[in-house]
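Work through the exercises below with the sequence and the structure side by side, and try each task before reading its solution.

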Amino acid sequence: MNKSLWISSSEGNKYRVLDEDKRVECLIVGGGIVGITTAYLLCKEGYKPVVVDADYIGYGATGRNTGKITPQNGIKYSDIYKRYGAENAKKYYEANNEALKLIEKIIDENKIDCDYERAPAYIYAENKSDSKKVLKEFDICKEIGINCEFIMDIPLPIESYGAIKFNVGAQFNPKKYIDYLARKVEELGGEIYEKAPMKSIDKYKDIITVHSLGGYEIKTDKLIIASHYPFYDGLSFYFARLRPERSYVVAGEYNGEFPQATFINASTPKRSLRIYNDGERRLLLVAGESHKVAHKEDEDHYGALEEYGKEKFGVEKYQYRWSTQDYITSDNVPYIGYLNSVTKNILVATGFGKWGMSNGTVAGIILSQLYINGKSKYLSTFTPSRSEGYLTGEFLKENTDVGIQYIMGKVKIASKDMPDRDKGKIVSIDKSKFGVYRDAEDIFHIVDTTCTHMGCELKWNPLEKSWDCPCHGSRFGIDGEILEGPATVPLKQYGSETYNEINPNLI
Ligand SMILES: Cc1cc2nc3c(=O)[nH]c(=O)nc-3n(C[C@H](O)[C@H](O)[C@H](O)COP(=O)(O)OP(=O)(O)OC[C@H]3O[C@@H](n4cnc5c(N)ncnc54)[C@H](O)[C@@H]3O)c2cc1C
């Protein structure tokens, strides 16, 4: 039953497979909201970008979130204000507001059927100790000119200790939106390829050659990395500046009262709420339970969300459960712009901190502007080359954890026994460690579990039945196929003549 409501509701289109080498002007790697929005905006200006995706369009985080579009991004503005000042906090708001307006305009102009509706966004303190930070956030929001108000009670059966209502915001079905936009990209002359994972890149003079896992190469003048986690680092140290966090969503039919608005608490555990009406059913979505990838997968996250929905709204049955991950930057502001300060022909967008519908559209705006004329008024706020600010406590904590995870994985003693049916674990076979999943039919799936990104040892994820990396968040299926980056090389299966190929794509 782990399936995304959005992916189940929109089948998408079928695109070409990559079966030849290509020479293009603009290659976009990744067909989520970043890649497809950027491609659409470029096509509208007469360019003909080529988009390649490792999987199907919109099957990444874009097809697995809660579909809120809002500049209300949790406790955000007081954080940016403190670190980078009022001007940058204001720019962040303006960029996200422009993104919201752009999405609405695209939907209106094209009459896209994606269940879009305007919905103010509330953030509420669910306990007394969080009320101070909500109040502080409100003061900053007011100072930088955000259209919002402070209220004590929220229009839900949840006790609030103070809340901010952002008067602008919206909600939609992100998969229906992205499927339409992708179709439009091809109508306007762009090209899309699916099941085309990119493995590495070479640079010679001004030409970039991108190599696919399938053995084809695409030569391009400009490369836009929209692969969620950048599949190529270019010595920019994204691996040290991004924290991979998973979270969970459940959806169950609900016909009780709920205003046309979205909600998130400012407390721990995180809870995010909205209603989705597909014309036939009204579903309550409850999201939350964030944790670093491969750190708390053995807990009952879906159960906790369902319990919350039951306690607050009386919803007992849930038709959908899904999870996905997003990346958090060290300073809580996404990285959007040139890959680094010296590379002008590679652009990147990542680190949306679970607010990639609006920020992914901000990325589309900035990246298309940089591609076309090398300028964007938002670049200084989002540039990945910002030096101040990211050497934070979070940065140090995160990288200490990576070191600990690396060492712990190497010294951990593997089991001598095979797992039970439908279970996975690390087992010692022929004096080496392997990841073994024994399926319900008693077939063993055995892989080398050293992550092909940077060599950390993978952990079994019982909820998703996958092998996940506790260092940078790569995930692999039971037979070693890549589910999520930054890894670009699959795991080797037991019986292979060599061990896994490690490819950090640093240079
Ligand atoms: C539980 C949860 C709920 C969320 N809810 C919201 C919300 O309500 N509102 C909001 O604004 N944000 C939300 N987010 C965040 C949002 O979903 C993401 O920030 C956003 O979808 C990221 O978009 P993207 O285009 O960068 O990535 P993706 O949608 O993941 O697209 C990246 C694409 O790149 C492809 N790819 C990866 N590597 C390669 C490679 N090597 N070669 C070729 N292709 C590759 C992948 O297959 C994928 O299709 C949520 C996140 C989570 C975890």
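**Exercise 1.** Decide whether aspartate 430 is buried or exposed, and describe its backbone and its place in the chain.

Solution. The model is a predicted one, and the first step is to take the relative accessible area of aspartate 430, which is 60%. Exposed means over 50%, so aspartate 430 counts as exposed. The next step is to find the residue along the chain, where aspartate 430 sits in the loop between strand 21 (423-429) and strand 22 (432-438). The last step concerns the backbone: phi of aspartate 430 is near 50°, a positive value in a residue other than glycine. Most residues other than glycine have a negative phi.

**Exercise 2.** Carry out the corresponding steps for asparagine 332.

Solution. Asparagine 332 has a relative accessible area of 22%, and since buried means under 20% and exposed over 50%, asparagine 332 is partly exposed. Its place is the loop between strand 18 (320-329) and strand 19 (335-338), and its phi, near 75°, is positive.

**Exercise 3.** Locate two cis peptide bonds, one leading to proline 269 and one leading to proline 486.

Solution. Begin with threonine 268 and proline 269, which are joined by a cis peptide bond with omega of about 0°; proline 269 belongs to the loop between strand 15 (262-265) and strand 16 (271-277). Then turn to the bond from glycine 485 to proline 486, which is cis with omega near 10°, and note that proline 486 lies in the segment after strand 27 (482-484).

**Exercise 4.** Which residues does leucine 5 contact beyond its neighbours within four places in sequence?

Solution. First place leucine 5 in helix 1 (residues 5-9), and then note that leucine 5 is buried, because its relative accessible area is 1%. Once neighbours within four places in sequence are set aside, the contacts of leucine 5 are Tyr276, Arg281, Leu283, Leu285, Tyr320 and Trp322.

**Exercise 5.** Describe the largest nonpolar core, and then the overall form of the protein chain.

Solution. The largest nonpolar core has 73 residues, and those touching the most other members include Phe166, Tyr77 and Phe382. Helix 4 (residues 86-110) gives the most to this core, namely 10 residues. Another core, of 28 residues, lies apart from it and has Tyr193 and Phe239 among its members.

For the whole, count 11 helices and 27 strands in the protein chain. The radius of gyration is 22 Å, close to the 23 Å that the globule rule gives for 507 residues, so the protein chain is as compact as a globular protein of that length.

Definitions and conventions
Residues are numbered from 1 along each chain as its sequence is written. This is a predicted model: local features need pLDDT of at least 70, side-chain atom pairs count only at pLDDT 80 or more; totals for chains, interfaces and linings use all residues. Side-chain values use heavy atoms; hydrogens and water are left out. Helices (H or I, at least four residues) and strands (E, at least two) are DSSP runs, numbered from the N terminus. Buried means under 20% relative accessible area, exposed over 50%, partly exposed in between (1.4 Å probe, protein chains only). Contact means heavy atoms within 4.5 Å. A nonpolar core is a set of buried Ala, Val, Leu, Ile, Met, Phe, Trp, Tyr and Cys residues joined through side-chain atoms within 4.5 Å. The radius of gyration is taken over C-alpha atoms; the globule rule is 2.2 Å times the number of residues to the power 0.38.
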